[in-house]
Amino acid sequence: MTQFPKRALILGAGGVVGTAWMAGLAAGSRRHGIDLAAADLIVGTSAGAIVGAVLASGRDPDELAAPRQPAPSDSQLPAPDPRVLDRVFAVLGDGDAAPEQRRRRVGEIALEMSAEHDAVHVERMRTLIGTARWPDRLLIVAVDARSGERRVFDRHDAAALPDAVVASRAMPGVYPPMTIGDRRFMDGGMHSATNADLAAAAELLVIIHPLAHLFATADLDAELLSAQPTESLLITPDERSVTAFGADLHDRAHWIPSYRAGFAQADAEATRLQRIWPR
């Protein structure tokens, strides 16, 4: 990995619809000669871990234009549990608790979920991202479910790429925490939706933030202050994209509309991107 990357790409959390939207944005940008995969460093969190793995591995983001067809093993997987999600969001909304306390409490909820389907989740992810080989310029963010601490995976870890990506997008109530070694890890978005501070010393920084319309950007502002890029550009969903997302970020029925909205939004973002992202 480049020690001091010139160009860094931050791909944030966003559920199923955010995955599709970011893939569409990356594919649409290529029509304008802008290859986001040319970044010296890619930081992926949750949905961004999936898209980051695809881009850093040299695959065409257009391969994510439609959701993967269900496999027979999918029938083994439990459905998302709205009751667990309600408990998680109640903890996250507790303004009286410190962030690390909230993460540990969410982790306690996550650890109630069974690890029996880990292998199925990993095989699904391997199919989705198309590789198990770590690119040397990719960082994937997860959170240790027991300690609540951020964990950053890269090619130097013993974790296989699909395992790390599964860990990064393991939103409690939707997916169980992923077992890696003797620890279990949950969604990296529990620490931050963007984790842009991991791109410290980058000269040019592009942040793609699918959830910016839902959350305040104070955390991102602090991360940028820490990273101190020479120049940065934030891309957030436009009105058409937010409509395409629908009310449920994990509704696979909105995958194709979200991809198409991202692809179309790339036309509007092209001028800004071309200024900060030289060919």
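The following exercises, each with a worked solution, concern a predicted model of a protein chain.

**Exercise 1. The overall form of the chain**

Task: Determine how many helices and strands the protein chain has, and establish why it may be called as compact as a globular protein of its length.

Solution.
Step 1. The secondary structure of the chain consists of nine helices and eight strands.
Step 2. The radius of gyration is 17 Å, and the globule rule gives 19 Å for 279 residues; the two values are close, so the chain is as compact as a globular protein of that length.
Step 3. Along the principal axes, the C-alpha atoms occupy a box of roughly 50 × 40 × 35 Å.
Step 4. Of the 279 residues, 54% count as buried.
Step 5. Among the contacts with a separation of 6 or more, 80% are accounted for by residues 24 or more positions apart.

**Exercise 2. The surroundings of A8**

Task: State in which strand A8 lies, whether A8 is buried or exposed, and with which residues A8 is in contact.

Solution.
Step 1. A8 is located in strand β1, which covers residues 7-11.
Step 2. The relative accessible area of A8 is 0%; because buried means under 20%, A8 is buried.
Step 3. When neighbours within four places in sequence are left aside, the contacts of A8 are A39, L41, A199, A202, L204, L205, V206 and W277.
Step 4. A8 and D40 also illustrate how the chain brings residues together: they are 32 residues apart in sequence, while their C-alpha atoms are 5.8 Å apart in space.

**Exercise 3. V120 in helix α5**

Task: Find the element that holds V120, and decide whether V120 is buried or exposed.

Solution.
Step 1. V120 belongs to helix α5.
Step 2. Its relative accessible area is 13%, so V120 is buried.
Step 3. From V120 to L77 there are 43 residues in sequence, but 8.0 Å in space from C-alpha to C-alpha.

**Exercise 4. Two residues with positive phi**

Task: For N195 and Q228, give the loop in which each residue lies, and decide whether each is buried or exposed.

Solution.
Step 1. N195 is not a glycine, yet its phi is positive, at about 55°.
Step 2. N195 is found in the loop between β6 (183-187) and β7.
Step 3. The relative accessibility of N195 is 0%, so N195 counts as buried.
Step 4. Q228, likewise a residue other than glycine, has a positive phi near 50°.
Step 5. The loop that holds Q228 runs between α7 (218-227) and β8.
Step 6. With a relative accessible area of 61%, Q228 is exposed, because exposed means over 50%.

**Exercise 5. Helix α9**

Task: Find the residue at which α9 bends, and name elements that cover its buried residues.

Solution.
Step 1. Helix α9 spans residues 255-276 and bends by about 60° at E269.
Step 2. The buried residues of α9 include W255, Y259, L273 and I276, and E269 is one of them too.
Step 3. Among the elements that cover the buried residues of α9 are α1, α5, β7 (204-208), β8 (231-235) and α8 (239-245).

**Exercise 6. The largest cavity**

Task: Give the volume of the largest cavity, and identify the element that contributes the largest share of its lining.

Solution.
Step 1. The count gives one cavity of 30 Å³ or more.
Step 2. The volume of the largest cavity is about 240 Å³.
Step 3. It is lined by 16 residues, and those closest to its centre are I50, L128, R169, Y175 and R252.
Step 4. Two or more lining residues come from each of α1 (15-30), α2 (47-56) and α5 (118-129).
Step 5. The largest share, four residues, is given by α5.
Step 6. Sorted by class, the lining has seven nonpolar, five polar and four charged residues.

**Exercise 7. The two largest pockets**

Task: Describe the volume and the lining of the largest pocket and of the second largest pocket.

Solution.
Step 1. The largest pocket has a volume of about 1,000 Å³.
Step 2. Its lining has 34 residues, with L92, G189, M190, L211 and F215 nearest the centre.
Step 3. The elements α3 (82-92), α4 (99-110) and α7 each give two or more residues to this lining, and α7 gives the most, with five residues.
Step 4. By class, the lining of the largest pocket holds 17 nonpolar, eleven polar and six charged residues.
Step 5. The second largest pocket has a volume of about 450 Å³.
Step 6. Of its 21 lining residues, P78, A79, P80, V174 and Y175 are the closest to its centre.
Step 7. The lining of the second largest pocket has ten nonpolar, five polar and six charged residues.

Methods: Residues numbered from 1 in each chain as written. Predicted model: local features only at pLDDT ≥ 70, side-chain atom pairs only at ≥ 80, totals over all residues. Heavy atoms only, no water. 1 Å grid on protein atoms, 1.4 Å probe; cavity = no way out; pocket = protein on both sides within 12 Å on 5 of 7 lines; lining within 4 Å. Points joined across faces, edges and corners; volume = space filled by probe spheres on them. Nonpolar A, V, L, I, M, F, W, Y, C, P; charged D, E, K, R; others polar. Bend = angle between axes of the 7 residues up to and from the residue. Buried < 20%, exposed > 50% of the residue type's maximum accessible area, 1.4 Å probe, protein only. Contact = heavy atoms within 4.5 Å. Rg over C-alpha atoms; globule rule 2.2 N^0.38 Å.
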